[in-house]
Amino acid sequence: MTKRALITGISGQDGAYLSKFLLDKGYEVYGIVRRSSHRGVDNHRLLWIGVWDKVKLFDGDLGDLSSLMRIVNEVMPDEVYNLAAQSFVTSSWQQPILTANITAIGVTNMLEALRSAKPDARFYQASSSEMFGLIQESVQSETTPFYPRSPYAVAKLYGHWITVNYRESYNIHASSGILFNHESPLRGAEFVTRKVTTAAAMIKLGLQSELKLGNIDAKRDWGHARDYVEAMWLMLQQDRPDDYVIATGKTTTVRDMCKIAMDYLELDFDKFVKIDPDLYRPAEVDILLGDPSKAKAKLGWEPSITLEDMIREMVDADLERLKK
Ligand code: NDP
Ligand code: GDR
């Protein structure tokens with residue numbers, strides 16, 4: 001029997017990579033998209049990755065339980081990947097209530113839709129290393145206490161615990177992937193890696209003269225989205241649902257990540273990068289470093305792409321886009 005996967009947030013970075021991954025495994029892939037006046041542009045990621053005509057899309061919104069129930073009833077999925085969220089940390093200070101409604105309560109909406117229409121479906125929740133925030137242990141694992149530092153991270157913490165709660169209350173096969181930062185050429189333009197790779201490409205082509213950044217001393221554990229969507233799938237193939245940290249086990253400053261991009265294009269970091277205090281956050285997550293040993297032991301998962309290779313791939317993709 002062909003398996004059916006339903007992906008919320010299919011138009012985002014991870015939605016595109018996961019769609020491709022699941023289609024390659026023979027799944028039928030269904031996705032939920034928000035109605036938009038510019039959908040053709042919105043869905044560019046599915047086009048870029050070559051699956052636009054292979055997935056079936058439904059209009060829905062994580063804030064609208066009735067749409068989720070209708071879609072689950074129609075698709076009857078075997079697996080549900082809940083990737084939809086207001087996912088940009090900075091915006092969560094500007095739109096804290098929307099962030100709570102979608103990134104937190106939206107998870108309960110999706111779980112309620114499953115509980116009533118397809119309780120035996122397996123459920124993946126896109127949890128985040130941002131939940132560790134003001135870190136309580138130098139290396140963060142599944143047992144590290146959380147200390148969220150933004151409305152986004154507080155909302156994700158709710159999403160994480162409601163997933164655990166539905167697993168324990170209703171015996172739903174619900175897993176929470178605590179994923180550290182992962183990037184790709186399909187990363188949103190506002191996130192720091194993509195902002196850097198796009199700016200480096202623009203500067204190289206003479207289209208931009210400087211790159212303004214905020215806290216370049218912040219450190220992140222960066223992996224590639226292509227590796228990380230495989231971990232999502234592996235979690236749902238286990239007999240028992242569980243929570244897993246997905247990370248590389250290496251951490252790098254924004255400064256050094258930026259230097260990788262600049263060096264690749266033979267650009268002088270000190271000449272082009274300027275610090276803009278307006279880009280500092282009200283409360284910062286200074287450093288994140290994950291311990292993926294549980295995922296390695298239980299899922300057999302390991303990251304395969306280095307930060308250097310990923311940044312170069314992103315720079316190349318941005319150069320190509322700009323030249324077009
Ligand atoms: P993106 O921001 O690229 O994608 C978010 C997706 O959510 C988009 O498809 C967006 O649709 C959709 N969405 C937003 N609001 C709604 C809504 N109200 N109803 C339905 N859909 C909505 O995120 P990523 O792909 O990078 O991340 C996927 C998930 O993983 C997110 O939940 C994110 O918070 C989480 N995460 C990401 C990490 C990372 O480093 N990338 C790390 C840890 C967790 P639209 O295209 O219309 O905007
Ligand atoms: P993050 O990603 O907040 O970790 O959340 P982001 O790339 O936005 O920031 C990473 C770090 O870089 C610093 N920084 C800047 N960030 C941005 N966006 N723009 C800048 O100009 C800039 N200058 C410095 C930030 O202060 C921060 O410390 C991402 C999202 O994908 C979340 O959805 C996800 O949950 C987490 O990763 C894990």
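**Figure 1. Asparagine 215 and its side-chain partners.** In this predicted model, the side chain of asparagine 215 reaches the backbone nitrogen of aspartate 217 at 3.0 Å. The side chain of asparagine 215 also makes a polar contact of 3.2 Å with the side chain of glutamate 284. To find asparagine 215, look in the loop between S8 and strand S9 (219-220). Is asparagine 215 buried or exposed? Asparagine 215 has a relative accessible area of 16%, so it counts as buried, the cut-off being under 20%. Setting aside residues up to four places away in sequence, asparagine 215 touches Val254, Tyr280, Glu284 and Asp286. Glutamate 284 is worth remembering, as it returns in the next view.

**Figure 2. Ligand 2 and the residues around it.** How many residues surround ligand 2? There are 23, and the closest are Ser87, Ser128, Tyr152, Arg281 and Glu284. Three of these residues can be followed atom by atom. A polar backbone atom of serine 87 is 2.6 Å from an oxygen atom of ligand 2. For serine 128, a polar side-chain atom lies 2.6 Å from an oxygen atom of the ligand. For glutamate 284, an N or O atom in the side chain is 2.6 Å from an oxygen atom of ligand 2. On its own, ligand 2 has 700 Å² of accessible area, and the protein covers 95% of this. Helix H8 (192-204) and strand S8 (211-213) are the elements that give two or more residues to the shell. Sorted by class, the shell around ligand 2 holds nine nonpolar, six polar and eight charged residues.

**Figure 3. Ligand 1 and its shell.** Now move to ligand 1, which has 23 residues around it. Which of them come nearest? They are Ser11, Arg34, Leu83, Ser87 and Tyr152. Ser87 and Tyr152 also appear in the list of residues closest to ligand 2. Backbone and side-chain atoms both take part here. A backbone N or O atom of leucine 83 lies 2.8 Å from an oxygen atom of ligand 1, and a polar backbone atom of glycine 9 is 3.4 Å from an oxygen atom of this ligand. From lysine 156, it is an N or O atom of the side chain that is 2.8 Å from a ligand oxygen. The protein covers 89% of the 900 Å² of accessible area that ligand 1 has on its own. Two or more residues of the shell come from each of helix H1 (13-24), strand S5 (122-128) and helix H7 (151-170). Strand S5 gives the most, with three residues. By class, the shell around ligand 1 consists of nine nonpolar, nine polar and five charged residues.

**Figure 4. Histidine 160 inside helix H7.** Helix H7, met in the previous view, contains histidine 160. Histidine 160 counts as buried because its relative accessibility is 3%. Its side chain is joined to the side chain of serine 176 by a polar contact of 2.8 Å. Not counting residues up to four places away in sequence, histidine 160 touches Ser127, Met131, Phe146, Ser176, Ile178 and Asp243.

**Figure 5. The largest nonpolar core.** In soluble globular proteins, nonpolar side chains tend to be buried together. Here, the largest nonpolar core has 36 residues, of which Leu22, Tyr81, Tyr124 and Ile246 touch the most other members. Several elements supply at least two residues each, among them strand S1 (4-8), strand S2 (28-33) and helix H12 (293-299). Which element gives the largest share? It is H9, with nine residues. Zoom in on isoleucine 246: apart from neighbours within four places in sequence, it is in contact with Ile178, Leu179, Phe180, Tyr228, Ala231, Met235, Ala295 and Trp301. Another core, of 28 residues, lies apart from this one and includes Leu211, Cys258, Val273 and Met310.

**Figure 6. Two loop residues with a positive phi.** Most residues other than glycine have a negative phi, and most peptide bonds are trans. Asparagine 171 has a positive phi, near 65°. Asparagine 171 sits in the loop between H7 and strand S6 (174-179), and at 69% relative accessibility it counts as exposed. Glutamate 266, not a glycine either, has a positive phi of about 55°. Its place is the loop between helix H10 (254-264) and helix H11 (269-272). Why does glutamate 266 count as exposed? Its relative accessibility is 69%, and the cut-off for exposed is over 50%.

Notes
Residues numbered from 1 in each chain as written. Chains lettered and ligands numbered in written order. Predicted model: local features only at pLDDT ≥ 70, side-chain atom pairs only at ≥ 80, totals over all residues. Heavy atoms only, no water. Near = heavy atom within 4 Å. Polar contact = N/O pair within 3.5 Å; in protein donor to acceptor, adjacent residues only side chain to side chain. Areas by Shrake-Rupley, 256 points an atom, 1.4 Å probe, with all protein chains shown as cover. Helix = DSSP H or I, 4+ residues; strand = E, 2+ residues; numbered from the N terminus. Nonpolar A, V, L, I, M, F, W, Y, C, P; charged D, E, K, R; others polar. Core = buried A, V, L, I, M, F, W, Y, C linked by side-chain atoms within 4.5 Å. Buried < 20%, exposed > 50% of the residue type's maximum accessible area, 1.4 Å probe, protein only. Contact = heavy atoms within 4.5 Å.
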